[in-house]
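Biologist: Please take a close look at one part of this model for me. I am new to it, so keep it plain.

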Amino acid sequence: MASKRFILKRLLLLVPVLFGVATFVFVILHLASGDPARVILGQRAPQSQVVQLRQELGLNDPLYVQYGRFLVDAVQFDFGQSYQIAQGDTVRSVLADKIPVTLELALYGQVIGILLGIPLGVISAVKQDTLTDHVGRVGALSGISIPIYWSGPMLILLFSTTLSIFPASGRLGSTIFLDNSWQLFGMQLPLTGMVTIDTLLLGQFDAWVSAVTHLFLPAVTIGIYSMALISRMMRSSMLEVVRQDYMRTARAKGQGSKITVMKHGFRNALIPVITVIGIQFGGLLGGAVLTETVFGIGGIGTMLVSAINANDYPLVQGTVLTFALLFTLVNLVVDITYSYLDPRIQQ
Amino acid sequence: MSRDTVDRRTFLKSAGAATVVATSLAGCSSGDGDSGEDTTEASGDGGDGTETDETTEQDDDGNDLSGTLVYSRGDHPTNYDPQQTTSGEVAKVTNQVFDTLIDFVPGSGGQLTDGLATEWTLEETTATVTLKEGITFHNGEEVTGEDVRATVRRFIDEDYEYFLGNENRSGYSSVTFGDWVESIDVLSEYEVQFNLSQQYAPFVRNLAMFAAAVMSKAQIESVGATPDDQATIGTEPQGTGPFTFEELDNSNERILLSGYSDFWGEGPNVAQVIFKTIGANQTRAQDLINGDTHITDNLDAQSIQQVDGSGSASVVQKNGINVGYMAFNHARMEEFRDPRVKRAITMAVNRSAIVDDIYQGFATEADQPLPPDVLGHNDDLEPYPHDPDQAQSLLEEAGASDLSFELATFSNPRGYNPSPLQTANQIKSDLESIGVSVEINQFSTFSSYIDYTYGGRHDACLLGWYTDNADPDNFLYVLLHPGVDASELSADQQHIAWEDKGNASNVAAWVNKDYVELVDDGQTTYDEGSRRDIYLEASQIAHDDAPWMFIDYAELIRGIHQSVNADTYTVSSVGGPYLELVELN
Amino acid sequence: MSTDTATDATSLEDRTALDRLRSSQFLSDLLSNRLALIGLTIIVGMILIAIYARLAYDLGALRSSQLGTVADRLPPGWTGAGAVDQHIFGTDASGRDIYKRTLYGAWIAMKYGTVTVAASTFIGVALGIIAAYYSDLTDNVIMRTMDVLLSFPSLLLALALVAIFGSGLWKVVIALTLVYTPRFARVVRGAALKVLEDEYIEATEALGANDLRVLAKHVFPNTLAPVTVQSTLNYGLAIIDFAALSFLGFGAGPGMPSWGLMLDNGVSNGLLTGKWWMSVFPGLFLAILVLGFNLLGDGMRDALDPRMRETVD
């Protein structure tokens, strides 16, 4: 089928791109100045130990050897050990710890974005050029224009400092500790690392409430941006679809009422919105970095900032590479889904 | 794998349920609350009465173990192996879980006392340590000389089957043991003998460093023989200390410690300790004020004011054992080899203004490399006066009136320098008023800064040093000794070429033959009286030659909440925090 | 809907640029869009504020701490209760007047934003036109490189570049330029390809015009519209990203009255103690300016030839 060739082509194109991404990330480590051995050992180690470590880490090898080693490792997701931030831990384990934290945030933001953005966009389209529409459009534009590092603090000011409804930082009440695994039919299963889910799996509802109240404001902060983008896309997509010839034809054929047109249009209008989800996923990841900083949540975002400040290159490399991969894959999935759904492309 | 560790709740709850710990925070009836959250709100989290799990136990000494102590800090390391890091942030926790052979007296400014050892002697190149009997690790096994031997071998001995590995062992490996210990003999069950490569006076104090914590041979051997296996101890450390390491929660950046009822020493007086992480200083201070944190550290000037002004928490401080300075690079700048130039520059800068205004009084003005609490600190010395006129004439005399140099500095606050950029700017403007031009070279990360300064590329740089063991050698050798034999130096030599310098942490490349001989002497002299005299003289030379512009000795500041019994907590400038002594009201 | 004026190949060369502009459908559509005009007004207003601040205030004075002479964290002058009249936006944690710093922040935002957008536009346009016009291989090499850069979420790419280059306002300019260039390259390439599809180009070439002439006279002017739209939209993004990096500590050095840094200070120094003015005002100005760019950019995109519209991000 044509689609299969399309998918294959896209997958093949992925290879040189990923290769380029990996090379770019390798360059990060080597362009940046600084002696990694000194970074690892710190200020207090004598030079002799530093020299010895450089040798052990293979940092004296020629660049192409190091590059080759890096590629081989990268393919296996082995980014080595953190230099400083998580000394002694592999980058992979640090990422495994932190990714669920950020993912949880991004997911809720995305959900809010979709659940609120789509209806808002539809309403705006249906009531085109009325006051509702204008308010909606300016509102959505504001949502894009207001940066997270302002909306977050504003929400904190209002709901936390002044009204004391929600906590200002963190993910979970400070003295609540969760178990490492949960029981299902007598089996010990691993937890997800996402507090709102884990607390449910463990049956601790008080803890769940704590998790939800902690994540509410951050999720809303990220969600606003996502909602704005999606509602805009939904609106313009619906208007576009309604304008299309084949919609006019449908109407001419007597399926008449505006509601039917809208219903039919909605399904088709949904398709381009899917592409937006792919695009704004990147923005969501960037937004997670900022939200985590504002709300004091220790996810990948805050870790990346710390890693940069500590010259912890393996961690920076691993994080950036993982994000790029994630982003690329999401976009690939979106592209493929879009190609399946869009009747025009399938020809 | 990675996410969490072995769960070794030996005292608390049954399997499967989460632990919700009731905290006895003053004025807080419905559980722990959170920063900014009103505790009377129903939306509070656990501990609203239904799931309290208050443990009231008694330990060996009959101490009442109740309550949870919460310590907030700004960073969350993920590895708690005392041999894998030089970070004080890790030490805070490992000092609760482990013990050293020799310890510091809490709040004493570096005075030594028993740790696991009951007796120790240092004779020529032999250090003999006798352990107390009946001390157990958290796994119940008794501490013997074999544990000490295994611990040290793991740290420094490449031939040891369970060697930690060059990539994992910290920068303290050589400094604490590696450079000095040639072999270790276990003389009897409780007696250990270290055979040193030379007479080394600071060795006893090295045994008190957090990196010298005694680990369990049984645990070392149980995890496996590769460096990667050994590295895993960092997530489940087991020692003899007053608290056991219960849980490492990396995704929420917290640590749970549990009181060890069979602890050999005084305390613990609380059932649990939680270390939690709040990155932003103000947020952390607010958390303290709200009563959700009992003790916190690393507050900046504004948060200190915040805490001070609140009714519910207070600030405690102690002079620290550290020094902040601006080093002159004698290797790069010829002008800096003339003491008149260095004294002139020092006198031109208003250091007391820096200490009073920029450091807002949380430091005292420095006049020599050794801080006041350390043996050999020369009380007769005074800071150079602030005298721009004399500075100018000194410069003219030395023929360096049109001097200009680069001043390298880091950007982010460090204990001995809370405002590096402001300090650098102050120095620059003070020097400009006597005609010396200064170009500030700012580094955004500390690692790149260390790279630059340790590579000797600076003309002058701001730096500082926290003590490891409160020994004078830890300052006078580490920071100002060229790392070469005194016999290779000539009597009038003022500097050493960077390539010839054998001591990385000396960023001044200054040389004074008398000084070098004195410090070498002090390192190998065991008699404390003689050592003191040696170091008094060395300090005088360092003051007179002025290889640094001495800036400050910083105070250590902590915030404590009123629910902590203030008499039971002291700020310690080295070792500690001694949380086993802390009692909650 | 409406098409652009360049329908007749011969008449295109006869009319002057100004004529073309005046009778441009694009412009008339744009100017009739009320929201776009509001956006334009906002932008012009901010420019005036920026220029005023730059001329009226001394940066050194705005940067230095006023502790000792002025009380810190004073609420805005009009709220009464301990406020000081002359500080209408209050003071920050170092006693500095927030009103003046906020106004100066407009200058900083627009100065660095302009450089960033100009640079990325220039480089992106060049790359895009080259990719569109020249051989398949050139096209592929350029566009794959752009793809690599685009596979990173933009803030993360900027952070990674900051990790290499270091912090500082100009280093952020370089990082963000690298982040934005691929978008321009893509837009321009798309637009240029569409222009090149038109038969009259082939006709012109058949008549003997050389490459550069074709590019300059025909391809380039017709990519102008989408490029302008992309620039405008990107401007808002540049201001947000710039402030984001300063907020995280990688852009403006301490003391600089950059909106992002002011927000960072406001959050760490006043948020939990209810000192709202330290965060509200810089953020408000930033949001309004970005909104202005988005309104204008949106209007421009709506006024675009539908063919071109699809190419704009």
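Modeller: Between chain B and chain C, zero residue pairs are in polar contact, counting pairs with both residues at pLDDT 80 or more. A polar contact is a pair of N or O atoms within 3.5 Å; within protein, one must be able to donate a hydrogen and the other to accept it, and residues adjacent in sequence count only if both atoms are side-chain atoms. On the side of chain B that touches chain C, α7 (281-290) and α8 (301-309) of chain B each supply at least two residues. Helices here are DSSP runs of H or I with at least four residues, strands are runs of E with at least two, and both are numbered from the N terminus. The largest share, three residues, comes from α7(B). By class, this side of chain B has one nonpolar, seven polar and no charged residues. Ala, Val, Leu, Ile, Met, Phe, Trp, Tyr, Cys and Pro count as nonpolar, Asp, Glu, Lys and Arg as charged, and the others, Gly among them, as polar.

Eight residues of chain B are in contact (heavy atoms within 4.5 Å) with 10 residues of chain C.

Now the partner. Chain C has 14 helices and zero strands. Of its 313 residues, 55% are buried (under 20% relative accessible area, 1.4 Å probe, protein chains only).

This is a predicted model: local features need pLDDT of at least 70, side-chain atom pairs count only at pLDDT 80 or more, and totals for chains, interfaces and linings use all residues. Residues are numbered from 1 along each chain as its sequence is written, chains are lettered from A and ligands numbered from 1 in the order in which they are written, and side-chain values use heavy atoms, with hydrogens and water left out.

Note on methods. Buried < 20%, exposed > 50% of the residue type's maximum accessible area, 1.4 Å probe, protein only.
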